[in-house]
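Me: I have a protein–DNA model open and want to learn how to read it. Can we go through it feature by feature?

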Number of protein chains: 2
Amino acid sequence: MNISIKQMRAFSELAREKSFTRAADRCHISQPALSALIKGIEETTGTRLFNRNTRNVELTPDGIFLESMITALLGSYDRLVTEFQDVVQKNRGSVTVGALASIAGGALPPVIDAFQRRYPGIELAIKDVTSDICLELVRSKQVDFALTASVSLGNDLSSAFLASDSFHLVCRSDHPLSRHARLAVSQIRDLPIIQFARSSSVRQHLDAAFYPDRLPVSIEVNNLVTAAGLIAHGLGITIVPGMTLFQFRIPSLVAIPITLPIHERKICVITRRNSTLSVSANAFVEMLRAHWAPESS
Amino acid sequence: MNISIKQMRAFSELAREKSFTRAADRCHISQPALSALIKGIEETTGTRLFNRNTRNVELTPDGIFLESMITALLGSYDRLVTEFQDVVQKNRGSVTVGALASIAGGALPPVIDAFQRRYPGIELAIKDVTSDICLELVRSKQVDFALTASVSLGNDLSSAFLASDSFHLVCRSDHPLSRHARLAVSQIRDLPIIQFARSSSVRQHLDAAFYPDRLPVSIEVNNLVTAAGLIAHGLGITIVPGMTLFQFRIPSLVAIPITLPIHERKICVITRRNSTLSVSANAFVEMLRAHWAPESS
DNA sequence: CACACTTACGATATTCGTAAGGATT
DNA sequence: AATCCTTACGAATATCGTAAGTGTG
């Protein structure tokens, strides 16, 4: 026994309208076509479902039984279709993003704000964790994708470039270099700077960017905010990627972009290889691109 | 957006098997046909649902979302089909019958017994009520059909003959007539008998059967069992339809069929005109015919 | 006689399977 | 090189709408 959705729709409309003509109109088919659909159900089930003559159409007892079930099923079907349509049209859904804390706290909030305004029905979750955990979250499907600085990754993952994150010198506004609008490598290569722990993502990219040179170290700290405090008290300067500058938003400090020929920090979208983003997640990435691409060109 | 049952089945099997070839086998279609079904869903939804290459097939995030809903819907669909098949095959269902008490208590129980053995899944309810209430129950669809003696009924109902119910004389075994195997009208026309209230179905048919004669009355009672008690104590005889004889099953009593040229009581199935019995109810009527037709020929 | 459902039939659309093509491991 | 999915294409099937037929009130 096999009943199609179309047959069920025809059955349901006929049960409601008690008229082949009106039911056919509601189904947007000709009246004989509807007649054939009903006949089809009656033949596959082997049961008469409507008592009908020229003047009257009504369900048989068995038809009544079937009608209750078909009505429920069509309800479920319509709900399925509309819910999935909502997902496709981005009226509903959820996105979970893994991101380095330096990204999650700085460049991401404006995008999140725009995304939530544009797609208020999509739930958003941000997991602000370290780079290696980001990768693990992607692998285990706990996040749709991750935002990290480019790192080496196994071939089960793939990365797509999103934006360049250029280095900036941070100093107090009374520092001699503060009057420059832009700095070259030669101007800062020999300045002792406040450095970060070797395990930190910023330090690793900084070392790579200036390689084979090694920047002189004045003080080594763990957190960016600590460096900000030291600088504000006139105890040094530092060099950090632009996306971390939100941690240095103190009136007495200035940030000056540094021109580097290569080796800028690259922010990437990390996904599983041979995988596809959900429409919701894809919308988020597209919005990231729209926000960040102009700034980093 | 429109997804057919067949497409959903294909989707579900592919999600389970993660192989177009195996899923096609399970759907009993060729592998390219299944490919087309999947392509069809992806095109109508506008979303890629499976990431696939030569070596691997797996759901996309959106596909996973759809899969959960489709699995549930197919479950409902299969349940609908099997449940209705059960009804058609008489493994499930319910029958509610209205019947005169004289029928419900006498001739019906053996049929009920056979019916419940033959169709143990079908629930059975008997409403033993008077004739006029029987008709009302049919009209209001509270019963599938009714079993009554033939009565005049409006043209919203129709009746179908089931069995004849011949009259019997009931007397004590020491009564002079008890030695006869069969009686003619002439032998009993003048005997005073225990009669029943004019409102009772038995009395009405009795009067009709002997019309234009009027049987002499010895005592008038309301219930058959009362008559039985009177007769057992040697206080008279009575004439009743055969189907009520179960109320006279007392060792000292005998029942002797009376030959009447016409006007036997006719037991009928009463249904709504232009209506159809459910498969369950129809099975019950068929069983009634099988049990009663031989006896009344 | 009028109205409503059914049947008949030709046209259109869809679906299917076979065979060839393409891609990945 | 083998395996698996996709594309191409002709055939079978299903569906649809128009028009004629049938029956009931």
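Me: Which polar backbone atom is 2.8 Å from a phosphate oxygen of DNA strand D?

Reply: Bear in mind that this is a predicted model. The polar backbone atom belongs to B:Phe20. Look at side chains too. In B:Thr21, a side-chain N or O atom is 2.7 Å from a phosphate oxygen of DNA strand D. Chain A takes part as well: a polar side-chain atom of A:Lys6 lies 3.2 Å from a phosphate oxygen of that strand.

Me: Which elements give two or more residues to the surface near DNA strand D?

Reply: They are H3 of chain A, plus helix H2 (20–27) and H3 of chain B. H3(B) gives the largest share, four residues.

Me: How many residues surround DNA strand D, and which are the closest?

Reply: There are 19. The closest are A:Thr54, B:Thr21, B:Gln31, B:Ser35 and B:Arg52. Next, ask which part of the DNA they meet. Of the strand D atoms that come within 4 Å of the protein, 62% are sugar and phosphate. Then sort the surface by class: six residues are nonpolar, eight polar and five charged.

Me: Now DNA strand C. Which residues come nearest?

Reply: A:Gln31, A:Ser35, A:Arg52, B:Ser30 and B:Thr54, out of 19 around the strand. Sugar and phosphate make up 64% of the strand C atoms within 4 Å of the protein.

Me: What polar contacts should I look up on DNA strand C?

Reply: Start with A:Arg52. An N or O atom of the A:Arg52 side chain is 2.3 Å from a phosphate oxygen of DNA strand C. For A:Lys39, a polar side-chain atom lies 3.5 Å from a phosphate oxygen of that strand. A:Thr54 uses a backbone N or O atom, 3.1 Å from a sugar or linking oxygen. Of the elements around strand C, H3(A) gives the largest share of the surface, four residues.

Me: Let us leave the DNA. How do I read a helix for its buried side?

Reply: An α-helix has 3.6 residues a turn, so residues three or four places apart point the same way. Take helix H7 (residues 131–139) of chain A: A:Ser131, A:Cys134, A:Leu135, A:Leu137 and A:Val138 are buried.

Me: Why are they on the same side of H7(A)?

Reply: Because they cover an arc of only 160° around the axis.

Me: What covers the buried residues of H7(A)?

Reply: The cover includes strands E3 (93–99), E4 (122–128), E5 (145–149), E6 (157–165) and E13 (265–272) of chain A. Check what follows the helix, too. After H7(A) comes A:Lys141, with a positive phi near 65°.

Methods
Residues numbered from 1 in each chain as written. Chains lettered and ligands numbered in written order. Predicted model: local features only at pLDDT ≥ 70, side-chain atom pairs only at ≥ 80, totals over all residues. Heavy atoms only, no water. Buried < 20%, exposed > 50% of the residue type's maximum accessible area, 1.4 Å probe, protein only. Arc of directions from axis to C-beta. Contact = heavy atoms within 4.5 Å. Near = heavy atom within 4 Å. Polar contact = N/O pair within 3.5 Å; in protein donor to acceptor, adjacent residues only side chain to side chain. Nonpolar A, V, L, I, M, F, W, Y, C, P; charged D, E, K, R; others polar.
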